[in-house]
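Me: Please give a close account of the largest nonpolar core. I should like to know which parts of the chain build it and what surrounds it.

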Amino acid sequence: MGEQRPLPPGEAWRAVAACFASTFPLLARHHIHLTQDRLGTRLRFTDGTSARVYRETRLGSGLAKDPCTLVITFRLRLVHGRTHTLFRLESLLNTPLFVGFPGFASKLWLAHDEQGRYRGVYEWDGVERAEHYARSLWRVLALVSVPGSIRYTVLPGVRRDDVIADPGLVGEVASGAMAKAAWWRIRTGT
């Protein structure tokens, strides 16, 4: 995984626009599904925080051929108290910003944790594609997020649901500074 930074603005916004345009044919062909498999599940992280899954979005089967797990976090500006509920309701409108990206398989939407951070836990098809998405999305998130709160990690070769079922798997694939970060590491007892 490369340095944690957004793509250059032009490249990122072109990618977001292409994703947006790709989403409508997927919707028309009924390839996008809101599933309830993990709805309400509380994921606990090694930094001591936890968050509840409030939505799950899947493209087709939701399974990638070259799987990797992507975890993104951010803290929204000006969202406190009851406005968290409004954000969760509104966030469905954000679906066109990710489902049309090449490689998207599925996403768990996590409500804010005890520190006000939101997380998305994805299964993605291909590490490079996941990285490209995270660095493109950064530009969108930067418009509404607290500066410095956007982070992501990509775990190659592991399915999202396998990481949730057996958090010990990440020790085998995480490397560098992100391997030590606790905000994304799911712990047992979810």
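Reply:
**The largest nonpolar core**

Among the 31 residues of the largest nonpolar core, those touching the most other members are Leu70, Ile72, Tyr122, Trp124 and Tyr133. Such a core is a set of buried Ala, Val, Leu, Ile, Met, Phe, Trp, Tyr and Cys residues joined through side-chain atoms within 4.5 Å, where buried means under 20% relative accessible area (1.4 Å probe, protein chains only). Two or more residues each come from helices H1 (9-28) and H3 (127-142) and from strands E3 (50-59), E4 (67-75), E5 (104-110), E6 (117-125) and E7 (151-156). H3 supplies the largest share, seven residues. Helices (at least four residues) and strands (at least two) are DSSP runs, numbered from the N terminus.

The model is predicted: local features need pLDDT of at least 70 and side-chain atom pairs pLDDT 80 or more, whereas totals for chains, interfaces and linings use all residues. Residues are numbered from 1 along each chain, and side-chain values use heavy atoms, without hydrogens or water.

Beyond four places in sequence, Tyr122 is in contact (heavy atoms within 4.5 Å) with Cys68, Thr69, Leu70, Ile72, Phe98, Phe104, Ser106, Lys107, Tyr133, Leu137 and Arg160. A second core, separate from the one above, has 17 residues, including Ala51, Leu155, Ile164 and Ile186.

The loop between H3 and E7 holds Ser145, which counts as buried because its relative accessible area is 2%. The Ser145 side chain reaches the backbone oxygen of Leu141 at 2.8 Å. Excluding residues up to four places away in sequence, Ser145 touches Phe74, Arg75, Leu76, Arg77 and Ile150.

Terms used:
Buried means under 20% relative accessible area, exposed over 50%, partly exposed in between (1.4 Å probe, protein chains only). A polar contact is a pair of N or O atoms within 3.5 Å; within protein, one must be able to donate a hydrogen and the other to accept it, and residues adjacent in sequence count only if both atoms are side-chain atoms.
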